[in-house]
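I opened my notebook to write down what I looked up in this model. I kept the entries short.

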Amino acid sequence: MTGVKITDPVVLNMPKEIKSKLANLLVESFVQQIFIEGFFYADPHPGNLRYDCETEQLALIDFGPGGYINGNYEI
C-alpha cells in the first residue's frame, strides 16, 4: 500500500488547500459507503487511513469491522 498515515508530518505540513482536498476525499468516501453502497467501514482511525501524495488518493486499510445500514453488524 502506497501513501503515508494522515497523521504523518508530511501530510500535516501540507498546504491548507491540499489538506482540505484530503478532508473532502474522506467525507466523499463515507457518503459513498453509507448512501450508495449501504455498507460502511467501521474502523477509520488515523492508523488505517493512508494518503498518496503523488496520486492524491486516499486509501482505507485493515477492513475488519464493518456495518450495514439496515442495522446488522459484521466482524
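My entries go from the overall build to single residues.

**Ground rules**

I am working with a predicted model, where local features need pLDDT of at least 70, side-chain atom pairs count only at pLDDT 80 or more, and totals for chains, interfaces and linings use all residues. Residues are numbered from 1 along each chain as its sequence is written, and side-chain values use heavy atoms, with hydrogens and water left out.

**Overall build**

I started with the secondary structure and found two helices and six strands. Helices (H or I, at least four residues) and strands (E, at least two) are DSSP runs, numbered from the N terminus. Going along the sequence, I read the pattern β-α-α-β-β-β-β-β.

I looked up the dimensions next: the C-alpha trace spans about 40 × 20 × 15 Å along its principal axes.

Then I checked burial, and 24% of the 75 residues count as buried. Buried means under 20% relative accessible area, exposed over 50%, and partly exposed in between (1.4 Å probe, protein chains only).

For contacts (heavy atoms within 4.5 Å), I took those with a separation of 6 or more: 53% of them come from residues 24 or more positions apart.

**The sheet**

In what order do the three strands of the open sheet stand? I noted E1-E3-E4, with antiparallel pairing. The edge strands are E1 (4-5) and E4, and each pairs on one side only. A reminder to myself: strands of a sheet pair through backbone hydrogen bonds, either parallel or antiparallel. Here, two strands pair if DSSP finds at least two bridges between them.

I counted through the pairings. E1 and E3 are joined by two bridges, and one partnership I wrote down is Val 4 with Tyr 51 in E3. E3 and E4 are joined by four bridges. Across from Leu 49 I found Leu 60 in E4, Arg 50 has Ala 59 in E4 as its bridge partner, and Tyr 51 stands opposite Leu 58 in E4.

I also checked both faces of E3. Leu 49 and Tyr 51 sit on one side, Arg 50 and Asp 52 on the other, and all of them are buried, so both faces are covered. That fits the general rule that in a regular strand the side chains alternate between the two faces of the sheet.

**Arg 50**

I gave this residue of strand E3 its own entry. Which residue is the nearest side chain of opposite charge to Arg 50? I found Asp 8, 8.6 Å away, and buried Arg 50 has no salt bridge. For charges, Lys and Arg count as positive and Asp and Glu as negative, while His and the chain ends are not counted. What I did find is the side chain of Arg 50 reaching the backbone oxygen of Gly 47 at 2.8 Å.

I listed the neighbours too, leaving out residues up to four places away in sequence: Arg 50 touches nine I could name, among them Met 1, Val 4, Leu 58 and Ile 61.

**The salt bridge**

How many salt bridges does a search of the whole structure find? I got one. The cut-off is a side-chain nitrogen of Lys or Arg within 4 Å of a carboxyl oxygen of Asp or Glu. The pair is Glu 56 and Lys 21, with the closest N and O atoms 3.1 Å apart. Glu 56 lies in the loop between strand E3 (49-52) and strand E4 (57-60) and Lys 21 in helix H2 (residues 16-37), so the pair ties together parts that are 35 residues apart in sequence.

Are the two partners buried or exposed? I put both down as partly exposed: Glu 56 has a relative accessible area of 35%, and Lys 21 has 41%.

Glu 56 earned a second look. Its phi is positive, about 55°, although Glu 56 is not a glycine. The hairpin of E3 and E4 in which Glu 56 takes this phi has four residues between the strands.

**Gln 33**

My last entry is a residue of helix H2. Gln 33 counts as buried, at 12% relative accessibility. Leaving aside neighbours within four places in sequence, I saw Gln 33 in contact with Gly 38, Phe 39, Phe 40, Tyr 41 and Leu 60.

Conventions: Polar contact = N/O pair within 3.5 Å; in protein donor to acceptor, adjacent residues only side chain to side chain.
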